[in-house]
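I set out to record how selected strands are placed in this model and how one loop residue sits. The entries follow the order in which I looked things up.

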Amino acid sequence: MVTALANGGQMVHINGREEEDSSFEEKEGSTLNGCIEENESSGDESPESSSESDSEDTEENEERGDEKEKNDQDDKSLIASAETSEFYIRPSCEHCKITNKNDTEKVTPRKISKGQFLLMVDEEGSYHCLATGLIFEVSGKVEIKYSILSWSKYGEFIKPPWILGGPIFNVSSDVSKLKSVHFPHSLCLGDHDSDVKFGVLHMRENVPQVEPSVDHSATHIKWNVSSLSPVGPLIQTSEAVQHHGAVLLYKVIDDPHSFRVYVAANSASVIKDISNSIKHSQRKFMKIDKPPVCQKLLQEGKKYRLKSECESTVDIIPQEIEFHDDSSRKLKNFIEVYLEHPVNAFKLSLEEVDSDQIIWTAALRECDWLHSDSNGETSQAEPIKKRKRKSTASDEEGIFKQSKWGDITDEPKKNKNLLITDQQLLVIAKKLGKEWKEIGICCLSLEMKDIDQIQDQFKDEGINIHKFRMLAKWREREKDNGTVQRLYDLLKPQVTYEVQETLEEILSE
């Protein structure tokens, strides 16, 4: 039994979603104006009916049938809640044989400050959190606080042959009552789970330790609680890694002809990183709610193509991407979609380049990118105007060959030609973390001997001054090209949001 949590002291299971989903599916099945003429249908339009017994005329069987129907509806409502959570998207995979039935009680936690969730339970049992996918096994009344973390902070502690297996969480509770935690993973095990070894990265007093798991399923990795701190699932396998995928859509509000498409592993940590990237961008976005689950698996290193039936209207940059699980990178790559002129609707599809198999598709209508003004009134973004091309097709092709994923970002244009000052370099240096040496070598093309020389020559100075001198050496080498814009372009694929924001602020000063 779950203790009352939400406003007014009531526990909420997010009921009522089924009716909304049904109307949404009817809308998805309607004929589109503009570029799309064929009808689409959803596989969940027909409500699940209760099975009838041979003796249904009797009062006892009627009551039993009513009870079964109610339970089925409750179960569907809970599943719908999990599928539409902010960060947790319930996977759907024919290879994993994922089932909806289990012995856990579905619960929706209370969201408290700074992205934390709070769950309070009154008795022993297993509780499945619909907001995160976590499953908690408890021995009695207990309070559990937890939050989704980013692997960008902890990915450096993962050493081969271990690789990331799912989202990482910070969990706080009474370890005498919290017996085990089941972590959702993003991998498709298929028929090869016997070849996979599972573990859990456990940060004990800021020291990383890999602890063994005790069990696993098609969707979760079970770990017996020893102590609590940041914890997340890991795997070892000799097979090609395949991920349950998710596609997230965003509309650029202040540029009404522009959309963003993120193709990512279905991991709450990755999805939260994407959400944070959108929130911290200088541009304004709104999320477009479309079914995000990929119907086919995403495989590491494989190429995928985003396309539209309206080729003359919809411009996609880049069209082909190579999938890599970038969970350990805080900044996620994306695809940009532009509309050349106003349309009522258009369709996007993601397909595997090798086989042309469609793995995800969505129909976008004008009503999908309506947004609410400050008074809560629904309004439409400013009329879409024909986009003016700033470069030729060959120019754009050359630009996007630099990155497999087309790492397009919102680049402020002010101050881009000004040389970066000592004061600005020191501010940036203080924002760089433990990976500053790697950034110097990978992003700034410095050599290790340059960094060693700085540390030896100025060993009495603090670490921030070493970082500053590394950046200053880069500026000295660049001469007239040692600008804020140049540094921004070099650092943006690897640095944290905080560093990127600092550079953007300098650019816009």
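The entries below cover a sheet, a buried strand and a loop residue, as read from a predicted model.

**Entry 1: the open sheet.** I looked up the strand order first. The sheet is open and has six strands in the order β1-β4-β5-β9-β13-β12, and its pairing is mixed. I noted that β1 (105-107) and β12 (215-216) each have a single partner strand, so one side of each is left without a neighbour in the sheet. I then followed β1 to its partner: β1 and β4 (residues 125-129) run parallel and are joined by three bridges. Across this pair, Val107 stands opposite Cys129.

**Entry 2: strand β14.** I asked how many residues of β14 (residues 230-236) are buried. I found that seven of its seven residues are buried. Pro230, Gly232, Leu234 and Gln236 point one way, while Val231, Pro233 and Ile235 point the other way.

I next listed partners of β14. Strand β10 (residues 197-204) runs antiparallel to β14 with six bridges, and Leu201 stands opposite Gly232. Strand β7 (residues 163-164) pairs with β14 in the antiparallel sense over two bridges; here Ile163 has Ile235 as its bridge partner. Strand β8 (residues 168-172) also pairs with β14 in the antiparallel sense, over two bridges, and Phe169 is matched with Val231.

**Entry 3: Ile253.** I located Ile253 in the loop between β16 (245-252) and β17 (258-265). Its relative accessibility is 22%, so I entered Ile253 as partly exposed. The C-alpha atoms of Ile253 and Arg283 are separated by 7.8 Å, although these residues are 30 residues apart along the chain.

Note on methods: Residues are numbered from 1 along each chain as its sequence is written. This is a predicted model: local features need pLDDT of at least 70, side-chain atom pairs count only at pLDDT 80 or more; totals for chains, interfaces and linings use all residues. Side-chain values use heavy atoms; hydrogens and water are left out. Two strands pair if DSSP finds at least two bridges between them. Helices (H or I, at least four residues) and strands (E, at least two) are DSSP runs, numbered from the N terminus. Buried means under 20% relative accessible area, exposed over 50%, partly exposed in between (1.4 Å probe, protein chains only).
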